[in-house]
Amino acid sequence: MTNDILEQEEFKAELEAIEFEPQNEQHSGESFKANIKYLIIGVLFGIVFVKAEIVSWFRIQEMFRLQSFHMYGVIGSAVIVGVISVWLIKRFNIKTITGENVIFHSKTFNKGQIIGGLLFGLGWALTGACPGPLFAQIGSGFLVIIITLLSAIAGTWVYGLLRDKLPH
Amino acid sequence: MDAILNFIKQPWPWYIAGPLIGLTVPVLLLIGNKSFGISSSLRHICAACMPAKIPFFQYNWKKETWNLFFVAGITVGGFIASFLLANPLPINLNPQTVADLQQLGVKDFSHFLPQDIFSFENLLSLKGLFFFVIGGFLVGFGTRYAGGCTSGHAIMGLSNLQWPSLVATISFMLGGFIMTWFLLPLIFSLF
């Protein structure tokens, strides 16, 4: 019995550890205007998504059918540049433009990465889009994808609702 | 000037696009100590619009407003690239992919998305149910359950050498293979 309670508490603590995934570690507050720079980076990012045809349902099909190297090249070279950048930031202790230490988050393993990952993969092949390209597809004039986005928001909401009952 | 514009209008190869996407990681970290990740935006939208007293949505989402600006930017970028910098030629797909998809029943190959599936007319049909409603739901539910998507795990997580992100990335790909090879033929046989 006590074991059960202990296990439950451990489970709760584990859940809490992955409860919040803060992405913003900047200490000094940012005004509404400061957020414009993220808008601009987003614009450039959206242009890359479209120009490299990552937003194409067909390119995602090519990837999953192993009939094109394109998407593997995109993701692979992005990771290589990311790994080198992160290594450089850590190695030379490069600070942010406001002089803060860059904060990295370690990811804790839980079953969600497998179960959730598989579910997302199923959806990725159906919609031909991960969350980023969904936004770019809407911007590209495929307004019907607004429905897909609303479904995705609903999916996130239902996950939040059921989270305590799901295996993690 | 025209030469530059024409150059930009061509589809960009992976070795240009990939490194640019990878550079987003240090750029976000250095200009604002932000970890790259896109699917979180869906969570922030839930937290802002319909938290419904669910603990998972009780946090200071205002601190993550930057992420909403970022995805708004992606939408604008999609617009600019598609309407001002569009490639006039159709996408150069592997003929085998075209043949495979034709066999499944896909008819239109002229846009980024097959218009015979992704159109408003299909909204209330079985196609719409699978490709918009179920597909979208799986993307939103799955990414949050996994704690990230292609950007948060496959790019940010792997850049930081996090092995759980590698597990997640392998799971994403596995899910995609299962859908493409085993489930899509079944789904298409329903239409």
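**Figure 1. Lys53(B), out in the open on a loop.** With a relative accessible area of 77%, Lys53(B) is exposed in this predicted model, since anything over 50% earns that label. The residue belongs to the loop between α3 and α4 (65-83) of chain B. Have a look at the backbone too: phi of Lys53(B) is near 60 degrees, a positive value in a residue other than glycine. That is worth a second glance because most residues other than glycine have a negative phi.

**Figure 2. Asn33(B), a positive phi that is tucked away.** Here the backbone of Asn33(B) has a positive phi of about 55 degrees, and the residue is not a glycine. Asn33(B) sits in the loop between α2 and α3 (40-49) of chain B. Is Asn33(B) buried or exposed? Its relative accessibility is 1%, so Asn33(B) counts as buried. Lys53(B), on its own loop, is exposed instead.

**Figure 3. Leu29(B), a leucine facing residues of both chains.** Leu29(B) is part of helix α2 (residues 14-32) of chain B. Its relative accessibility is 0%, so Leu29(B) is counted as buried. What does Leu29(B) touch, once neighbours within four places in sequence are set aside? From chain A come Ile89(A), Thr96(A), Val102(A), Ile103(A) and Phe104(A). From chain B, Lys34(B) and Met156(B) join in. The UniProt record (unreviewed entry) puts Leu29(B) inside one of its "transmembrane region" features, at residues 12-31 of chain B.

**Figure 4. Arg59(A), one arginine with two acidic partners.** Arg59(A) makes a salt bridge with Glu53(A), their closest N and O atoms being 2.7 Å apart. A salt bridge also links Arg59(A) to Glu62(A), again with 2.7 Å between the closest N and O atoms. How far apart along the helix are Arg59(A) and Glu62(A)? They are three residues apart in helix α3 (residues 57-64) of chain A, so about one helical turn separates them. None of this group is left out in the open: Arg59(A) is buried at a relative accessible area of 7%, Glu53(A) is buried at 5%, and Glu62(A) is buried at 2%.

**Figure 5. Arg65(A) and Asp100(B), a salt bridge between chains.** The side chains of Arg65(A) and Asp100(B) pair up in a salt bridge, 3.9 Å from N to O. This pair crosses from Arg65(A), in the loop between α3 and α4 (70-91) of chain A, to Asp100(B), in helix α5 (residues 95-104) of chain B. Both Arg65(A) and Asp100(B) are buried. Back in the Arg59(A) view, shared partners tie Glu53(A), Arg59(A) and Glu62(A) into one salt-bridge network. How many salt bridges are there over all chains? The count comes to three.

**Figure 6. Lys127(B), a buried lysine with no salt bridge.** Lys127(B) is found in helix α6 (residues 126-146) of chain B. Buried as it is, Lys127(B) has no salt bridge, and the nearest side chain of opposite charge, Asp116(B), is 4.9 Å away. That misses the cut because a salt bridge needs the side-chain nitrogen within 4 Å of a carboxyl oxygen. The backbone of Asp116(B) does get involved, though: its oxygen lies 3.3 Å from a polar atom of the Lys127(B) side chain. Leaving out residues up to four places away in sequence, Lys127(B) touches Asp116(B), Ile117(B), Asn122(B), Phe132(B) and Phe191(B).

**Figure 7. Annotated membrane spans in the two chains.** For chain B, the UniProt record (unreviewed entry) gives "transmembrane region" features that include residues 128-146 and 166-188. Residues 128-146 of chain B are 100% helix and 0% strand, with end C-alpha atoms 25 Å apart. Residues 166-188 of chain B are likewise 100% helix and 0% strand, and their end C-alpha atoms lie 31 Å apart. For chain A, the record (also unreviewed) places the feature at residues 38-58, 70-89, 114-136 and 142-162. Over residues 114-136, chain A is 87% helix and 0% strand, with 27 Å between the end C-alpha atoms. Residues 142-162 of chain A are 86% helix and 0% strand, with 31 Å from end to end by C-alpha.

**Figure 8. Chain A as a whole.** Chain A has seven helices and zero strands. Of its 168 residues, 55% count as buried. Among contacts in chain A between residues at least 6 apart in sequence, 52% link residues at least 24 apart. The accessible surface of chain A is about 7600 Å², and 67% of that belongs to carbon and sulfur atoms.

Technical notes:
Residues numbered from 1 in each chain as written. Chains lettered and ligands numbered in written order. Predicted model: local features only at pLDDT ≥ 70, side-chain atom pairs only at ≥ 80, totals over all residues. Heavy atoms only, no water. Helix = DSSP H or I, 4+ residues; strand = E, 2+ residues; numbered from the N terminus. Buried < 20%, exposed > 50% of the residue type's maximum accessible area, 1.4 Å probe, protein only. Contact = heavy atoms within 4.5 Å. Areas by Shrake-Rupley, 256 points an atom, 1.4 Å probe, with all protein chains shown as cover. UniProt positions renumbered as here; feature names shortened; annotations may be inferred. Lys, Arg positive; Asp, Glu negative; His and termini not counted. Polar contact = N/O pair within 3.5 Å; in protein donor to acceptor, adjacent residues only side chain to side chain.
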